[in-house]
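Here are my notes on this one, as a handful of numbered points. Have the model open while you read.

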Amino acid sequence: MNEANTSRNRVKSKIHRCNLVVLITGYMSHRLTEIVFSLKDAGALAGDVLQVSSKGKSGVLRGILDHVESSTC
């Protein structure tokens with residue numbers, strides 16, 4: 001999503017039923033990150049929100065795997 005079409009309702013319509021939303025913050029705007037966390041805080045998202053600061057593929061995957069492993073224990 002780009003800045004021009006980043007609205008709370010639009011974001012909600014795209015991710016509200018996801019089991020896991022991964023925020024790769026190095027590639028996202030602050031506004032989009034804030035929208036996702038505000039939706040989570042309001043109980044508008046069905047799944048977890050994971051914030052990953054790594055930009056590399058292996059770092060992102062490692063972050064996701066760590067999250068899934070810690071959620072199942």
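How many helices and strands are there in the chain?

1. The chain has three helices and two strands, with helices (H or I, at least four residues) and strands (E, at least two) taken as DSSP runs and numbered from the N terminus. Going along the sequence, you get the pattern α-β-α-β-α. The radius of gyration comes out at 13 Å, close to the 11 Å from the globule rule for 73 residues, so the chain is as compact as a globular protein of that length. That radius is taken over C-alpha atoms, and the rule is 2.2 Å times the number of residues to the power 0.38. Along the principal axes, the C-alpha atoms fill a box of roughly 35 × 25 × 15 Å.

2. Some bookkeeping before the details. This is a predicted model, where local features need pLDDT of at least 70 and side-chain atom pairs count only at pLDDT 80 or more, while totals for chains, interfaces and linings use all residues. Residues are numbered from 1 along each chain as its sequence is written, and side-chain values use heavy atoms, with hydrogens and water left out.

3. On surface and charge: the accessible surface is about 5000 Å², and 50% of that belongs to carbon and sulfur atoms (Shrake-Rupley, 1.4 Å probe; for residues, only the protein chains shown count as cover). Of the 73 residues, 26% count as buried, meaning under 20% relative accessible area, with exposed being over 50% and partly exposed in between (1.4 Å probe, protein chains only). There are 10 positive and 6 negative side chains, and the centres of the two sets lie 10 Å apart. Lys and Arg are the positives, Asp and Glu the negatives, and His and the chain ends are not counted; each charge is placed at NZ of Lys, CZ of Arg, CG of Asp or CD of Glu.

4. Which residues make up the largest nonpolar core? The set is Val11, Ile15, Val21, Leu23, Met28, Leu32, Ile35, Val36, Leu39, Leu45 and Val49, 11 residues in all. Here α1 (8-15), β1 (20-24) and α2 each supply at least two residues, and α2 gives the largest share, four residues. A core of this kind is a set of buried Ala, Val, Leu, Ile, Met, Phe, Trp, Tyr and Cys residues joined through side-chain atoms within 4.5 Å. In soluble globular proteins, nonpolar side chains tend to be buried together.

5. Contacts next (heavy atoms within 4.5 Å). Among those between residues at least 6 apart in sequence, 66% join residues at least 24 apart. Leaving out residues up to four places away in sequence, Ile35 touches Thr6, Ser7, Arg8 and Val11. Thr33 sits in helix α2 and is buried at 13% relative accessibility; beyond its neighbours within four places, Thr33 contacts Leu23 and Met28.

6. Helix α3 (residues 57-72) holds His67, and Val60 lies in α3 too. Val60 is buried at 11% relative accessibility, and its C-alpha is 7.6 Å from that of Ile24, 36 residues apart along the chain. With residues up to four places away not counted, Val60 touches Ile24, Val52, Ser54 and Lys55. His67 is buried as well, because its relative accessible area is 17%; on that same counting, His67 touches Leu20, Asp48 and Leu50.

7. Last, a loop residue: Ala44 is between α2 (30-41) and β2 (48-52). Not counting residues up to four places away, Ala44 touches Lys12, His16 and Leu39.
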